Amino acid sequence: MSNKRKKHQLIYFIDIYDMLPMITGFMNYGQQTLRAARYIGQGFMITLSHINRLPVTIQYPYEKLITSERFRGRIHFEFDKCIACEVCVRVCPIDLPVVDWRLKTDIKKKQLLNYSIDFGVCIFCGNCVEYCPTNCLSMTEEYELSTYDRHELNYNQIALGRLPIPVIEDYTIQAIKNFTQSKIGIDKKEPGELKKITKGIIQKKFDF
């Protein structure tokens, strides 16, 4: 009887030993399942946290962002202020502005004839605006310069002298504040209210 009992116990231990890999596999599978469920739960929590947020994308060109005060857009040029000193050419990293002038011998001063900037090459660094002694150059908020012909990006003094319509005053689109992505009903605002909105936007934007 003792030999049979020992034999049965040995067989029992062998069966348990053979089942250990299967038990370990079930335990690992359970741990992986719990880990996957935790990751899925974290993903759902992140998704739910974005439900109350406004969309980041805008419906361009029917909606446009209000650019910041220091936005570097197309350069505006005032012909009457320019003294043809060519400082803008010297400080430009790529010698971009083309200044045509002639010397008036009677008064010994330069007379500006033509001024042009090729925005297909311009890097919008703003050096010309910063170092201009007469402030005849300034940055605008215009950034829609795409064209089918690259030669059309070469603006002369007439094209440079044109001021763009501010986004806040364009009644054909809907302006969006770029710091909260909240929409402003431009078509429902009067000109006086538009100035108040613009002033409020600037104050909130720089109020830290």
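**Exercise 1.** Find which residues Cys 125 contacts once its neighbours within four places in sequence are left aside, and establish whether Cys 125 is buried or exposed, or in between.

*Solution.* Taking contact as heavy atoms within 4.5 Å, and leaving aside neighbours within four places in sequence, Cys 125 is in contact with Arg 72 and Pro 93. The model is a predicted one, in which local features need pLDDT of at least 70 and side-chain atom pairs count only at pLDDT 80 or more, while totals for chains, interfaces and linings use all residues. Residues are numbered from 1 along each chain as its sequence is written, and side-chain values use heavy atoms, with hydrogens and water left out. Next, the relative accessible area of Cys 125 is 25%, which makes this residue partly exposed (between buried, under 20%, and exposed, over 50%, with a 1.4 Å probe and protein chains only).

**Exercise 2.** Describe the setting of Cys 122 by its contacts and its accessibility.

*Solution.* Apart from neighbours within four places in sequence, Cys 122 is in contact with Ile 94 and Leu 96. With a relative accessible area of 16%, Cys 122 is buried.

**Exercise 3.** Which residues carry the UniProt feature "binding site", and why can they be said to gather at one spot?

*Solution.* An unreviewed UniProt entry places this feature at Cys 92, Cys 122, Cys 125 and Cys 128. Although they span 37 residues in sequence, no two of their C-alpha atoms are more than 11.0 Å apart, and therefore they gather at one spot. UniProt positions follow the numbering used here, feature names are shortened, and annotations may be inferred rather than shown by experiment.
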